[in-house]
Amino acid sequence: MKGLDCLDSLTRQQFTNPVVKIALLSELVLIACLAVQGQQPPKSASQTPTSAPEQTPSAAKPSAPSTPVPTQSPLPSPQPQATPSLRPGASPESTPFTTPALPGPTPTSGNTPAPSSSPSSVTVQSGSRTQSAANPLTLDEALRLANAQASAFQQAGLNEQIVAEDVKQARAAFLPRVSAPIDYIYTSPARGVSPDPFQTFSFIAANAIHEYQALVSVAGDLDISGRLRATLAKNRALLTAARAGTEVARRALAEAVVEVYYGLALAVAGRQAAEGNLLAAEEFQRITSLLLSGGEVAPVDLTRAQLQTTNRRDELERARAGEVVAAGALRVLVGYDFLKPITTSDLALTVPVEDAANQITADTISKRPEFAQFEAERHAAEQEIRAARAERLPQLSYFLNGGFDTDSLRTPPLNEHTGISAAFSLSIPIFDWGASKSRERQARLRAQSAELVRLQAVRGFAEQFYAARAQLISAIARIRLARQGVDQAESNLRASIARYRSGEAQVIEVTDAQSTLVTQRQALYQSLFDYQIALSRLKQAAGQ
């Protein structure tokens, strides 16, 4: 403790040197500008983020340990964007799927931090990002692309077409079936009978030794039992259910796209914030190294500054990995190639509507397509009950044939055996071992199951609506608090740097202020993301 007091006393005495104070003042002002103004997120939609080339601060060493003269590196002018980028000309939204070629700076044990990246890697990434930022992917475009990709929505559309064919088949069952059978039947002559032109054929069921048939046959069923009508009504109800299911799948896909889209926007914002935080930490470490070379601070201050830089580098690497994963998820949904850059809108430009929760009411929950699907499935089960009951009623069929059935293709016999035949068949079911009754019980159970699913869905949809509404209200309040927190954290960082400059505070107060600002910015971006997701879920729950 006595050693620390002496060190602190020595530090206060060194701060009285006018030359050193002027040098420290200029460098600490640069830190404040970089940490506070360079990452200020926009607070209104009117502020449009712009991209400008930035220069990485150079790590200059002092010429003499006794009198450190810091060299000011050229700094970028404050931009109204969410977070400054480490790469010149980099777009804030571009996200190549491959692992970024720009690695984080490697920690060094010396007093002067190493440069964060090589110029060649910066040039490659800058070109792709600038090109992809020219045409950002909007949410509407992402939804359109996702609808055209292989998904559950596409599968639901195919199922709807399959059921539509069932309706056509059920409707065709009412119409007569026309066919044209053409047959030739040969029967051997009877044994023990002398051969003559009119031989006796061996089988009694045959009509002649040579029999020629060419008929036009018309057959059909007369729906006296109501079985065909019940089948047609059931298939129509299933088609209605399939159409509603297609709409349900489309809405589910849209909700997934919205979550992944804003998930990528959140990842981009996190990566941008991490880049800016690393810049501020490296600059603070460099200045602390200069102060240590001049004997103005204790070695423990440099160690703490290096730890802060290491944490910021780790934070940046994790943010980059999260951005790659989020970009890949969006590419899967929209059908982009995994090497193609993808861009999104800036999450920081989101302006929440204060009364958004009050504009969507629970009265529209009943308009959800799931209810139409449940009702159609229940109606289909009822029609299936009718069809199963009709199987125990008489069935009437008819057959009409026109053509010839002759033993010779010569004109006299052919004209003699040309004509028309008609037949009606009445089938009366007597006993089927309870199969039709079993199918009727199955249909009744399906109707009961559909009703139970509907009742459960009513409660579930109401719960989803009020949960999403509560999340939306909470997100709006958190955005307001987070923006206040960012302002307060920026003010706290400026005050901490001023106290550290005058010798009234230790370096740990500055590092804590930097960490607090990082946390508040992350909270702001997370609340903006939660607002978009909660709004989407509320509209989904309300049937919009």
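**Exercise 1. Determine how far H6 is enclosed by the rest of the structure.**

Solution. Start with the burial count: 47 of the 67 residues of H6 are buried, so this helix is largely enclosed by the rest of the structure. Buried means under 20% relative accessible area, exposed over 50%, and partly exposed in between, with a 1.4 Å probe and protein chains only. The model is predicted, with pLDDT of at least 70 needed for local features and 80 or more for side-chain atom pairs, while totals for chains, interfaces and linings use all residues. Residues are numbered from 1 along each chain as its sequence is written, and side-chain values use heavy atoms, without hydrogens and water.

Next, take the span. From first C-alpha to last, H6 reaches 97 Å, close to the 99 Å expected at 1.5 Å a residue; the expected span is 1.5 Å times one less than the number of residues. Helices (H or I, at least four residues) and strands (E, at least two) are DSSP runs, numbered from the N terminus. Finally, look past the end: H6 is followed by Gly-295, whose phi is positive, near 75 degrees.

**Exercise 2. Compare the span of H7 with the expected value, and identify the glycine that follows H7.**

Solution. H7 covers residues 299–334, which is 36 residues. The span from its first C-alpha to its last is 53 Å, close to the expected 52 Å. Gly-335 follows H7 and has a positive phi, near 85 degrees.

**Exercise 3. Locate the buried and exposed residues of H5 around its axis.**

Solution. H5 runs over residues 152–172 and reaches 30 Å, close to the 30 Å expected. Its buried residues are Phe-153, Ala-156, Gly-157, Val-163, Val-167 and Ala-170. They cover an arc of only 130 degrees around the axis, which puts them on the same side of H5; the arc is that of the directions from the helix axis to the C-beta atoms. An α-helix has 3.6 residues a turn, so residues three or four places apart point the same way. On the other side of H5, Gln-161, Ile-162 and Gln-169 are exposed. The cover over the buried residues of H5 includes helices H4 (139–147) and H6 (227–293).

**Exercise 4. Classify the packing of H9 against H6 and against H11.**

Solution. Axes are lines fitted to C-alpha atoms, for helices over the stretch in contact, and angles run from 0 to 180 degrees between N-to-C directions.

1. H6 and H9 (residues 369–390) pack at about 160 degrees, with axes 8 Å apart. That makes H6 roughly antiparallel to H9, the term for angles over 145 degrees.
2. The crossing of H6 and H9 is left-handed, meaning that the near helix is turned anticlockwise from the far one by less than a right angle.
3. H9 and H11 (residues 435–501) pack at about 165 degrees, with axes 8 Å apart. H9 and H11 are therefore roughly antiparallel to each other, and their crossing is left-handed.

**Exercise 5. Decide whether Gln-484 and Gln-532 are buried, partly exposed or exposed.**

Solution. Gln-484 lies in H11. Gln-484 has a relative accessible area of 43%, so it is partly exposed. Its C-alpha is 9.1 Å from that of Gln-520, 36 residues away in sequence.

Gln-532 lies in H12 (residues 507–541). At 14% relative accessibility, Gln-532 counts as buried. Neighbours within four places in sequence aside, Gln-532 is in contact (heavy atoms within 4.5 Å) with Tyr-262 and Thr-350.

Notes:
Parallel < 35°, antiparallel > 145°, perpendicular 65-115°, else oblique.
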